[in-house]
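Reader: Please take a close look at one part of this model, and then show how that part sits within the rest. I should like the local geometry and the burial of the residues to be treated together.

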Amino acid sequence: MGDRPRRRRRPFGLVLGGAVVGLWGAVAIAAPLLAPHGPDEQHLEAAFQPPSSRHLFGTDDLGREVLVRVLYGGRYTLALAFSVVIVAGVVGMFAGALSGYFGGWVDEAAMRTTELVMAFPAIILAMAIVVALGPGLVNAGLAMVLVWWPPYARLARGEVLAVRSLEYVEAATAIGHTRWGIFRRAILPSIVPGMVILATIDLGAAIVTGAGLSFLGLGVTPPTPEWGAMVSAGRELLAQWWVATFPGLAIFLTVIALNFAGDGIRDALDPRVRVRV
Amino acid sequence: MIPMARVSPVVVAVALGVSLTGLPGPSTSAAGRTDVVVIAKDISDIRTPDPSKSYDVGGVFLQFPIYSRLVKQRAPDFWKIQGDLAESWSVSADATTYTFKLRRDAVFPSGNPLTSEDVRFSLLRAKNIKGYGSFLADPLKTVEIVDPQTVRVILNGPDATFLAALAAGVFSIVDSKTVRAQGGVETVGAESLDKAEQWFYSHSAGAGPYVLQRYTRETEIVLERNEKYYGPKPFFREVIVKHIKEPGTQSLILQRADVDMALDLSVDQAENLKGKAGVTLFEDPSAYTVYMGLNTSAAPWDNVKVREAVKYAIDYDAIVTGIMRGHGRRIGSIMMPGMLGFPESLNMQLLYKHDPAKAAALMKEAGVSRASVPLTWAAGTNYGALPLDRLAQKLRGDLAKVGIDLKLQPVQQSIFLTFYRQGKPQTAIGFWFPDYMDPDNWSYFVTGFINKRLHWQNPEAAKIVSQAQKTADAPSREKMYEQYNRMLAAPDSPYVSLAQPTNLVGARADITGFKFHPLYFLEMDSLRRK
Amino acid sequence: MGRYLVRRVLVALPTLVGITGVTFLVSHLLPSDLVLTSLGDRATQSPALVAAFRHRWGLDQPMMIQYLIYFGNLLHGDLGTSIATNRPVLTELALSLPATVELATVSLLAALGAGIALGVLAAGTRNAAVDAVARGLSAIGVAIPTFWFGILLVSTVYFRLGWAPPPGRLTVGLTAPEPVTGMFLVDALLRGRPDLFADALRHMVLPAIVLATVGVGFVTRITRASMLEVIAQDYVRTARAKGLARWSVVSRHALRNALIPVITIGGTLYAQLMSGTVLTETIFSWPGMGRYAFSSAASLDFPAVMGVALVVGVIYVIVNLWVDMLYVLVNPRVRYQ
C-alpha cells in the first residue's frame with residue numbers, strides 16, 4: 001500500500017463532466033429551437049398528464065409541458081449560479097488579495113468582515129432583500145453574492161500571503177516596481193488558478209442554493225421555469241411525481257457533471273495541489 | 001433544583017437496543033385511540049393563546065372549543081344568532097343597549113359558576129387590553145351588572161351589528177376570578193398592567209366543551225374534555241392538533257392514518273383523495289371571497305371602459321372548473337352569497353359573462369390597444385380550494401387576449417398585506433374574510449378602507465352602508481345591502497369579483513359528526529368516531 | 001492555552017456586535033411598516049391602537065436610541081420580546097434551538113461516521129471498483145439537492161413503505177420528557193425514559209439522513225484524499241518497512257494526521273447544520289431554529305431575527321474554537337501562543 005505510486009488520473013472526469021455541462025448549456029441556449037412550444041403555454045384541460053409518448057415528462061398543474069420547462073429552466077438555474085460565482089469570486093479575490101497584500105489594519109478589518117458575513121444566517125439576508133427589493137432572479141442573485149464571497153476572499157488572502165514573501169516578489173520591489181504593478185502582474189496571476197478551482201467546485205453548491213431559494217419562494221417569480229421553483233411547485237403534488245422529479249433530476253445531474261468537471265480542472269491546473277479545505 | 005437522574009448505562013443500552021431493533025413505537029393506529037382524535041392543521045399563525053387578544057384565524061380556531069361566548073352561530077345556519085351563554089336577550093329600540101339573561105348551568109373548570117361579572121370582565125378586558133382584535137370592541141361604551149344573571153351592554157352609538165360581533169373569538173367569556181388571580185386586568189391601561197397572557201399557554205378559563213392541556217407554538221395543541229360542560233357531552237376525551245404546514249404532507253399522513261383529520265387540504269390534495277378507501281372528503285363553503293383589485297390611479301385602470309372590459313375578459317368558468325376543480329363557485333359581488341342583502345338570485349344577476357369580443361370592443365372604445373401593468377399577490381398561498389399562483393397565471397393568460405400584459409410580481413405573504421394596505425400594488429388579488437357574520441363587515445369596500453388602497457370613491461354607497469349599520473329593521477337593511485352589492489358589481493367599480501372557494505377537509509372514514517362554520521371552523525364537540 | 005482562548009473570545013466579540021448591528025440596520029431599513037404587518041386591517045384604522053403599538057415596541061424613538069436600548073438589554077442577557085408572540089425572544093429560542101442542535105449533532109455524527117469510514121475504505125483498498133463506488137457515492141451525496149431528497153424520502157420511505165414515522169419530533173400523543181436541555185434524546189435519558197429516547201431517535205432518522213448526505217459526500221472526499229497523501233509520506237513507509245501490519249499503520253499513524261482537514265470540514269459542516277436547516281425543518285415539521293429564523297424574518301419580527309442572528313453567530317464562534325482545540329489534540333505539533 002505504501003509503495004503505490006501516485007496515480008495519474010486520466011482526464012476522464014473532466015471530459016465527461018465538461019461534456020455534460022456543455023450539453024446542458026447548449027440545450028439551455030437553444031431551448032426555443034428544441035422545444036415544441038413555449039414554457040408558458042397553458043392547457044388547463046390537459047393538466048396533470050403522466051409521462052407518455054405525447055408528453056415525455058408529463059404536464060404540470062396548468063397543463064404545461066414539464067419537458068419544455070425543464071429545458072428552459074436550465075437557462076435560469078445555470079445563469080444564476082454562474083453569475084453569482086463569477087461575481088462573488090472576482091469580488092472576493094480582489095478583496096482578499098488586496099487585504100493580504102497590503103496587510104495591516106486593512107487586513108484585520110477585511111478578515112473580521114468575512115467572519116461576520118460567514119456567521120450571519122443567510123436566510124435572513126435573503127428574506128430582507130426580497131422584502132426590500134422584491135422577488136426575482138436578479139435579487140436572489142444579489143442576496144447570494146452578498147454571502148458567497150468570503151471563502152474566495154480568505155483563499156485569495158492565504159495564497160497572497162504565501163506568495164508575497166517569495167523571492168521574485170521581493171526582488172521586484174527592490175528593483176523599484178510599484179506595489180500596484182507588482183500586485184497586478186505578479187500576485188494576481190498566481191492566485192487565479194486557486195480561485196478557478198474553488199469556483200468550479202462551488203458551482204454545484206451555487207446551483208443547489210439558488211434552487212433552494214426558489215423553493216422557499218425567495219427566488220424567481222412565476223411563471224419562470226427555474227428548476228428549484230418547479231420542485232417547490234411539485235412538492236404538494238406527490239401523486240403527480242413527475243412534476244417534481246424531473247427538475248430535481250436535472251439539478252442533480254448538472255451538479256454531478258459540474259463536480260466531475262471541477263475535479264478534472266483541478267487535476268489539470270495543478271496536479272500537485274494539496275488538499276485545500 | 002431539578003432532581004436529575006444519573007444516566008444509567010442500562011437505560012442507554014436499552015434505549016439504543018430498542019431503537020435499533022426497530023420495535024414498533026406506541027400505537028398510532030385508529031384502533032389504539034378510539035376516544036382521542038388527532039387533527040393535522042397549520043397552526044403557525046396563532047399569535048397568542050390569550051382569548052381576549054386573539055384575532056387571527058388560527059387564534060380563533062384555538063379558542064373556539066375552549067371558550068363560550070354570549071351568542072353563537074352554528075352550522076348549517078351561519079347567519080342565525082343563537083344563544084350560547086346568554087339564554088335570552090333584548091335590544092333597545094335605538095340599538096344602543098343590549099340586555100342579556102345568562103344561563104344558570106354554566107360552570108368554569110375551576111368550579112366557579114358563570115356570573116355577569118365574568119361577562120363584564122371579559123368584554124372590557126377585550127377592549128382595554130388593546131390586542132389585535134380589540135378594535136372590534138370600539139363600539140363598546142360600558143358593561144353594567146344588573147344582577148348575577150343579567151348584564152347590560154351599552155354602546156357608544158346605534159349599532160345593529162354588535163350582536164353578531166359578540167360571537168367573535170375576542171369576546172370569549174373567561175372566568176374572571178381565575179384570570180384575575182393570574183394578573184388579569186380589565187380596566188383602562190390593561191395593555192401594560194395585564195400579566196395573565198403567559199398563563200394561557202398551558203391553562204384555560206373557559207366554559208366551553210374542552211379545556212386546554214397545553215399549547216406549544218408551531219407544534220401542537222392538546223385539549224381535554226371539560227367534564228363540567230353545560231352542553232351535550234363531546235364524544236372525544238382528548239383532541240390533539242398536530243402542526244403540519246404543508247397540505248401535501250397532511251394528505252400523506254391522513255392516508256397512512258397517522259392523523260384522523262386534515263384541515264388544510266388544497267385542491268390538488270382533495271382531488272387526489274377522492275375515491276381513496278378509508279378517507280372521506282368534507283366540503284363546505286368558506287368565508288373567503290376572492291377578487292381582483294384594480295388601482296384606479298394607475299393606467300390603464302384609470303379608464304372606466306378598461307375596467308369594464310376586464311370584467312368581460314375573464315374566463316370565470318375555467319377558474320371554477322379548471323383551477324378549483326369545481327370546489328367553489330362564482331360570485332357576482334364581494335359578499336358571501338346567501339347573506340342578508342345578497343340572495344342567490346341577486347348573485348346570479350350580477351355575474352359577468354365571459355365575452356372576449358365584447359371586452360375587445362370595450363378596449364377599443366377606451367382607446368387602449370396595449371397596456372402593461374403588474375399584478376401582485378401573496379405568493380404560494382391557497383385561499384381554501386383556490387391556489388393563487390395558478391389563478392394569477394390564468395388571469396394573465398386571459399387578459400393577454402385583450403391586449404393587457406399582466407406582469408406577475410408575487411411577494412411574500414406578510415409583505416403583500418403591507419404593500420396592499422399602503423395602496424402600492426397596481427393590480428392585486430385580494431380576498432375578504434369577515435371578522436363576524438354580519439353584512440356590515442363587508443362595508444369596508446366603500447368606507448375608505450379597502451377602496452382607499454385602490455383610490456376609488458363611491459360616496460353614495462358609503463352613505464348607504466353607514467345607514468344600514470344603524471338600522472335595526474331587517475327588511476330595510478336587506479334592501480340597502482342589495483343596492484350596495486349592485487354598486488360593487490357596477491362596470492366602473494375597481495373590484496372584479498372572482499370566486500368563493502370551498503374549504504376542503506379530509507377525514508378517516510370512521511369519523512362522523514363533521515360540522516363546519518366558515519368563520520370558526522370545526523365544531524369539535526360534535527365529532528364522533530363510528 | 002488559556003490566554004489563547006481568551007484572546008480568541010475577545011477577538012470574536014466585535015464580530016458578534018457587528019452582527020447585531022447589521023441585523024438591526026437591515027430590519028429597520030426595510031420599506032415595510034411593521035405596524036401594518038402586525039396589526040390587522042381594521043386595527044390600523046384606529047390611531048390609538050397604532051400609537052400604543054409603536055410605543056410598546058419603541059418604534060417612536062430614533063433608530064440609534066432603539067439600538068442602544070437593545071444593546072443595553074443585551075448586556076443584561078435580555079434579548080428583547082418577540083413581536084409575533086409577545087414572549088421573550090430567549091424563551092422562543094430556548095424552544096427552537098435544542099431541536100436544531102439535536103438534529104445537527106446526530107446528522108454530523110452520521111456524516112462523519114459514514115464519511116470517514118467510506119474515505120478510509122476508498123483510500124486503503126487496492127480494489128479500484130470499491131474505490132470507484134465510494135467516490136461515486138460521495139459525488140452523489142454532494143450533488144443531491146436536500147429539499148428534493150427530503151421530499152423523496154417522505155413520499156417513499158414514509159408514505160409508500162411505512163418504514164419511517166411521520167414528520168415531527170415525537171409520535172402524536174406522547175408527551176416530551178420534562179425539559180432539562182430541551183433536547184429530547186438527552187432529556188429522555190436523564191429522566192430514565194428509554195421509550196421516549198427510541199421514539200425521538202426514530203423520528204430523527206429521515207431528516208438526519210437528508211442533512212448528512214451532503215456532509216458524507218464532502219467528508220469522504222477529504223478523508224480519502226487526505227489519507228492518500230499521508231499514506232504516501234515517508235514516515236508511513238518507514239512504519240511499513242519496519243513490518244507493521246497494513247491496517248495498524250493506517251489506523252494508528254496515518255489516520256490521526258489525515259484527520260486534520262476532516263476536523264476543519266466537520267467544523268464547517270456543524271456550523272452550517274446549525275444555521276442552514278430551514279428546508280429540512282420545513283419538510284419534516286421540525287420546530288427548529290431554521291424555521292424560526294425564516295418565519296421571524298417573513299413577519300418582520302426584528303427582535304426575534306436579531307436573536308437568531310446572534311445565536312448563530314455565537315455558535316459559529318464556538319464551533320471554530322472547538323475545531324482549533326481539536327487540532328491541538330490531534331496533532332501535537334500544532335501549538336498556539
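**A loop of chain C and its setting**

Author: About 13700 Å² of chain C is exposed, and carbon and sulfur atoms supply 68% of that area. The model is a predicted one. Chain C has 337 residues, of which 57% are buried. Its secondary structure consists of 14 helices and zero strands, and from the N terminus on the elements run α-α-α-α-α-α-α-α-α-α-α-α-α-α. Of the contacts in chain C with a separation of 6 or more, 71% join residues that are 24 or more positions apart.

The part to examine closely is the surroundings of Ser82(C), which is placed in the loop between helix H4 (63-75) and helix H5 (89-124) of chain C. Is Ser82(C) buried or exposed? Its relative accessibility is 1%, and because buried means under 20%, Ser82(C) counts as buried. The side chain of Ser82(C) reaches the backbone nitrogen of Ala84(C) at 3.3 Å. If neighbours within four places in sequence are left aside, Ser82(C) is in contact with Trp57(C), Arg87(C), Pro88(C), Val89(C), Glu92(C), Tyr292(C) and Asp301(C).

Two of these partners, Arg87(C) and Glu92(C), are joined to each other by a salt bridge. The closest N and O atoms of that pair are 3.1 Å apart. Glu92(C) is buried, and Arg87(C) is buried as well. The picture around Ser82(C) is therefore one of a buried serine in contact with Arg87(C) and Glu92(C), themselves a buried pair.

Chain B offers further pairs to set beside this one. The structure holds 33 salt bridges over all chains. One of them joins Glu197(B) to Lys53(B), with the closest N and O atoms 3.0 Å apart. Glu197(B) lies in the loop between helix H6 (190-193) and strand S8 (210-216) of chain B, and Lys53(B) in the loop between strand S1 (36-41) and helix H2 (57-63), so the bridge ties together parts that are 144 residues apart in sequence. Glu197(B) and Lys53(B) are both buried.

Another salt bridge in chain B pairs Glu117(B) with Arg120(B), where the closest N and O atoms are 3.3 Å apart. These two residues lie in helix H3 (residues 116-128) of chain B, three residues apart, about one turn of the helix. Their accessibility can be stated for each in turn. Glu117(B) has a relative accessible area of 22% and is partly exposed, and Arg120(B), at 21%, likewise counts as partly exposed. The pair belongs to a network of salt bridges that links Glu117(B), Arg120(B), Arg180(B) and Glu186(B).

The backbone of chain B also deserves comment. Most residues other than glycine have a negative phi, and most peptide bonds are trans. Glu218(B), although not a glycine, has a positive phi of about 55 degrees. This residue lies in the loop between S8 and strand S9 (220-225) of chain B, and with a relative accessible area of 13% Glu218(B) is buried. Ala257(B) also has a positive phi, near 60 degrees. The place of Ala257(B) is in the loop between helix H7 (247-255) and strand S11 (261-262) of chain B, and at 17% relative accessibility Ala257(B) counts as buried. A cis peptide bond joins Ala299(B) and Pro300(B), with omega about -5 degrees. Pro300(B) is in the loop between strand S13 (289-294) and helix H9 (304-313) of chain B.

Chain A completes the setting. It has ten helices and zero strands, and 55% of its 277 residues count as buried. Its accessible surface comes to about 12300 Å², with 66% belonging to carbon and sulfur atoms. In chain A, residues 24 or more positions apart account for 72% of the contacts with a separation of 6 or more.

How does chain A meet chain B? Each of the two chains brings 22 residues to the contact. The area buried between them is about 1700 Å², of which carbon and sulfur atoms give 56%. On the side of chain A that touches chain B, the residues divide into 14 nonpolar, three polar and five charged. Between chain A and chain B there are zero salt bridges and one residue pair in polar contact, with both residues at pLDDT 80 or more.

Terms used
Residues numbered from 1 in each chain as written. Chains lettered and ligands numbered in written order. Predicted model: local features only at pLDDT ≥ 70, side-chain atom pairs only at ≥ 80, totals over all residues. Heavy atoms only, no water. Helix = DSSP H or I, 4+ residues; strand = E, 2+ residues; numbered from the N terminus. Buried < 20%, exposed > 50% of the residue type's maximum accessible area, 1.4 Å probe, protein only. Contact = heavy atoms within 4.5 Å. Areas by Shrake-Rupley, 256 points an atom, 1.4 Å probe, with all protein chains shown as cover. Buried area = accessible area lost by both parts, 1.4 Å probe. Salt bridge = Lys/Arg side-chain N within 4 Å of Asp/Glu carboxyl O. Polar contact = N/O pair within 3.5 Å; in protein donor to acceptor, adjacent residues only side chain to side chain. Nonpolar A, V, L, I, M, F, W, Y, C, P; charged D, E, K, R; others polar.
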